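Visitor: I would like a close look at a single part of this structure, namely the aromatic rings and the helix that carries some of them. Please take me through the geometry and the burial step by step.

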Amino acid sequence: MIKVYGAPGWGSAISELMLTLADIPYRFVDVSGFDSEGPQRDLLQKINPLCQVPTLTLENGEVMSETAAIALMVLDRRPDLAPPIGRSERQQFQRLLIWLVANIYPTFTYADYPERWAPDAPAQLKKNCIEYRKSLYLWLNDRLSAEPYAFGEQLTLLDCYLCVMRTWGPGHDWFQDNTPNISAIADAVCQRAELRQVLKNNGIL
């Protein structure tokens with residue numbers, strides 16, 4: 001069985017949602033506190049020296065990390081969780097999947113630990129990252145339909161990202177006021193009965 005090393009509410013929640021949607025069994029291993037020295041970090045570092053969540057150990061013992069890579073692995077088993085090959089929506093799905101992790105994820109890397117990257121001006125770095133992140137979400141919002149999901153009636157793995165990321169900064173209220181499509185998509189995912197327990201476990205419901 002797959003093991004998901006993560007922390008409730010962190011990026012591992014995205015992987016949990018994807019695996020649950022795909023009906024792929026897994027066991028969650030809570031490594032909360034991994035970002036500070038201690039036993040949880042030691043445990044995670046033995047598996048993934050970069051100490052990232054999510055980190056997965058697969059059925060064959062291989063290690064998998066990076067949510068986009070995990071999404072591609074899930075799609076190998078459940079191709080119906082992305083738009084069909086040959087349709088324009090498929091290309092946009094691929095684009096936005098990588099766009100999220102390439103553009104928005106780094107703003108958390110720098111804003112959550114600004115003293116690591118700009119010890120002389122951590123507050124300014126954090127402020128700049130948050131403002132840039134907002135501009136990215138505004139761009140993304142204009143490219144989504146929310147009918148009711150990102151690509152219409154079909155639920156895809158991209159919707160899992162939006163549901164979890166809405167709970168991160170700049171916060172639920174900001175998304176509701178400024179990015180109504182993202183907010184509506186996240187609401188639609190939260191209505192999925194098969195995801196309710198995972199969402200509760202991660203403090204999203």
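Guide: A residue is called buried when its relative accessible area is under 20%, exposed when that value is over 50%, and partly exposed in between. By that cut-off, Trp-174 and Phe-175 are both buried. The model is a predicted one, and the values below are to be read with that in mind.

A pair of aromatic rings is described by the distance of the centres and the angle of the planes. The structure holds nine aromatic pairs, one of which joins Tyr-110 and Trp-117 in an edge-to-face arrangement, with 5.3 Å from centre to centre and 80° between the planes. Tyr-110 has a relative accessibility of 37% and therefore counts as partly exposed, and Trp-117, at 47%, likewise counts as partly exposed. The rings of Trp-174 and Phe-175 are also an edge-to-face pair, because their planes stand at 85°, with the centres 5.4 Å apart; here, however, both residues are buried.

Ring pairs further link Tyr-105, Phe-108 and Trp-168 into a cluster. Phe-108 also has a charged neighbour, since the charged end of Arg-133 sits over its ring at 3.7 Å from the centre. A similar placement is found at Tyr-113, where the charged end of Arg-116 sits over the ring, 4.0 Å from its centre.

Turning to the helix, H4 covers residues 88-112, and its 25 residues should span 36 Å at 1.5 Å a residue, which agrees with the 36 Å that separates its end C-alpha atoms. H4 nevertheless bends by about 30° at Trp-99. Trp-99 is itself among the buried residues of H4, which also include Phe-93, Leu-96, Leu-97, Leu-100, Ile-104 and Phe-108. An α-helix has 3.6 residues a turn, so residues three or four places apart point the same way. The buried residues of H4 are covered by, among others, helix H3 (67-77), helix H5 (114-117), helix H6 (122-141) and helix H7 (157-165).

Ahead of H4, the loop between H3 and H4 contains Leu-81, which counts as buried because its relative accessible area is 5%. Setting aside residues up to four places away in sequence, the contacts of Leu-81 include Phe-93, together with Leu-21, Ala-22, Val-74 and Leu-75, and also Gln-154, Leu-155, Thr-156 and Leu-157. Leu-155 lies 74 residues from Leu-81 along the chain, yet their C-alpha atoms are separated by 6.6 Å.

Terms used:
Residues numbered from 1 in each chain as written. Predicted model: local features only at pLDDT ≥ 70, side-chain atom pairs only at ≥ 80, totals over all residues. Heavy atoms only, no water. Phe/Tyr/Trp six-rings, centres within 6.5 Å; stacked < 30°, edge-to-face > 60°. Buried < 20%, exposed > 50% of the residue type's maximum accessible area, 1.4 Å probe, protein only. Lys NZ or Arg CZ within 6 Å of the ring centre and 35° of its normal. Helix = DSSP H or I, 4+ residues; strand = E, 2+ residues; numbered from the N terminus. Expected span 1.5 Å × (residues − 1). Bend = angle between axes of the 7 residues up to and from the residue. Contact = heavy atoms within 4.5 Å.
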